[in-house]
Amino acid sequence: MAEPRLYLSPPHMSGREEEYVAEAFRSNWIAPLGPMVDAFEREVCDYIGGGYATALMSGTAALHLALLLLGVKPGDEVLCATLTFSASANAIMYTGAVPAFIDCERKTWTIDPDLLEVELSACAKRGRKPRAVMAVDLYGQCADYRRIEDICRRYEVPMIEDAAEALGATCSGKKAGCFGQMAVFSFNGNKIITTSGGGMLVSSDGELIRKARFLASQARDPAPHYEHTTIGYNYRMSNILAAVGRGQLKVLNERVAARRQNFELYRKALGGLPGVGFMPEAAYGRSNRWLTCITVEPEEFGASREDIRLALEEENIEARPVWKPMHLQPVFAMCRKRGGDTAAEIFANGLCLPSGSNLREEDINRVYAIVRGCQYVKA
Ligand SMILES: Cc1ncc(COP(=O)(O)O)c(C=O)c1O
């Protein structure tokens with residue numbers, strides 16, 4: 001019998017979700033918003049150590065609102081990590097602003113603080129300050145906020161933390177989601193915990209979150225009829241999906257441990273192969289290891305990351321190239337960039353392996369055997 005498909009990062013329910021969903025049904029809170037949403041927001045804040053939150057339909061919606069709340073508008077520029085998923089940059093485009101992309105550093109794969117500073121300094125000299133900076137916590141690893149926050153403060157540019165992939169990670173002992181003016185989580189189906197689709201905007205500034213709620217629920221002014229002085233959005237999370245999120249949040253720490261364990265098992269299995277490297281973990285924090293990412297030097301290994309991906313696919317195993325950097329995407333060809341070669345190199349050689357928290361050791365062994373079998377086949 002054929003082996004079941006191994007997915008990159010499938011949902012992993014705890015069993016608690018059904019109880020919360022049943023509670024929502026019993027109380028007839030099917031409509032958007034409701035007590036599950038309030039509780040989910042509170043519980044995420046408790047988890048990350050305080051602040052305020054609003055649950056939304058997606059991480060992308062949360063990024064869009066964060067940018068609007070910082071006053072980003074047509075004609076502005078927003079500095080953004082180039083090594084990310086397109087949603088980070090798309091949200092900038094929704095506001096009418098344009099992104100300018102910053103390369104990542106080799107030792108963390110996240111936005112390079114030195115290049116960020118060089119770019120901000122060049123912008124200051126030109127007299128054209130970017131409206132915001134968007135840092136991205138890549139594959140569950142926080143960017144280097146010890147430096148980024150300081151740099152942004154000195155240049156007086158607000159920062160958004162795109163922590164879509166990083167719930168449960170830390171930087172300097174603080175949880176992902178605690179950095180910048182606002183941070184964003186995603187609960188998309190492939191994330192470390194999921195509501196099937198959803199996101200959250202968090203901030204230590206309650207006023208920003210109050211405004212986000214207003215914009216996310218059609219910007220309805222206080223009046224008995226529907227009165228509007230601002231363009232609004234329909235971005236709030238439904239009570240049913242928040243119920244799923246509450247059940248998931250209960251097991252978040254276990255999910256982080258399982259993903260970190262995947263990484264360790266992969267490292268043990270594949271780490272001795274020539275030309276195979278791993279996404280480094282930054283000394284300043286702890287990654288949630290959302291996805292285990294390897295790099296493959298074709299000359300040394302004797303096959304490319306694409307050879308490996310195709311061999312895995314042939315055995316019904318899903319693997320995916322590392323994000324293609326935004327400065328190489330045709331849709332962002334018109335945007336400025338600072339550096340880019342490091343991200344391009346990581347893309348050329350980087351591969352994300354199956355990383356679900358429900359992955360078994362024998363699955364990892366299966367992946368290992370196939371990767372091993374690719375060695376030197378193309379040499
Ligand atoms: C880095 C990053 N930013 C933003 C998003 C967007 O989140 P969502 O899919 O919930 O809109 C994702 C993932 O989907 C992501 O990986």
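This briefing covers one buried residue, two pockets and a small sheet. The model is predicted. Ala24 sits in helix α1 and is buried. The largest pocket has a volume of about 270 Å³, and the second largest has about 190 Å³. An open sheet is formed by three strands, β7, β6 and β11.

**Ala24**

- Helix α1 spans residues 16–26 and includes Ala24.
- The relative accessible area of Ala24 is 1%. Buried means under 20%, so Ala24 counts as buried.
- Beyond its neighbours within four places in sequence, Ala24 is in contact with Trp29, Ile30 and Met36. Its contacts on that basis also include Asn239 and Ile240.
- Ala24 and Glu314 are 290 residues apart along the chain. Their C-alpha atoms are separated by 43 Å.

**Largest pocket**

- The volume of the largest pocket is about 270 Å³.
- The lining of this pocket has 20 residues. Closest to the centre are Phe85, Ala87, Ala164, Ser186 and Lys191.
- Two or more lining residues come from each of α3 (59–69) and α4 (86–94).
- Helix α3 gives the largest share of the lining, with three residues.
- By class, 10 lining residues are polar, seven are nonpolar and three are charged.

**Second largest pocket**

- The second largest pocket has a volume of about 190 Å³.
- Its lining is made up of 17 residues. Those nearest the centre are Gly177, Cys178, Gly180, Ser203 and Ser204.
- Strands β8 (182–186) and β9 (199–203) each give two or more residues to this lining.
- The lining of the second largest pocket has eight nonpolar and eight polar residues, plus one charged residue.

**Three-stranded sheet**

- The strand order is β7-β6-β11, and the pairing is antiparallel.
- The edge strands are β7 (174–175) and β11 (285–286). Each has a single partner strand, so one side of each is left without a neighbour in the sheet.
- Strand β6 covers residues 170–171. Two bridges join β6 to β7, and the two strands run antiparallel.
- Cys171 has Lys174, in β7, as its bridge partner.
- In general, strands of a sheet pair through backbone hydrogen bonds, in either a parallel or an antiparallel way.

Terms used. Residues are numbered from 1 along each chain as its sequence is written. This is a predicted model: local features need pLDDT of at least 70, side-chain atom pairs count only at pLDDT 80 or more; totals for chains, interfaces and linings use all residues. Side-chain values use heavy atoms; hydrogens and water are left out. Helices (H or I, at least four residues) and strands (E, at least two) are DSSP runs, numbered from the N terminus. Buried means under 20% relative accessible area, exposed over 50%, partly exposed in between (1.4 Å probe, protein chains only). Contact means heavy atoms within 4.5 Å. On a 1 Å grid over the protein atoms alone, a cavity is a set of points where a 1.4 Å probe fits but cannot get out, and a pocket is an open set with protein on both sides within 12 Å along at least five of seven lines; lining residues have an atom within 4 Å of a point. Grid points are joined across faces, edges and corners, and a volume is the space filled by probe spheres set on the points. Ala, Val, Leu, Ile, Met, Phe, Trp, Tyr, Cys and Pro count as nonpolar, Asp, Glu, Lys and Arg as charged, and the others, Gly among them, as polar. Two strands pair if DSSP finds at least two bridges between them.
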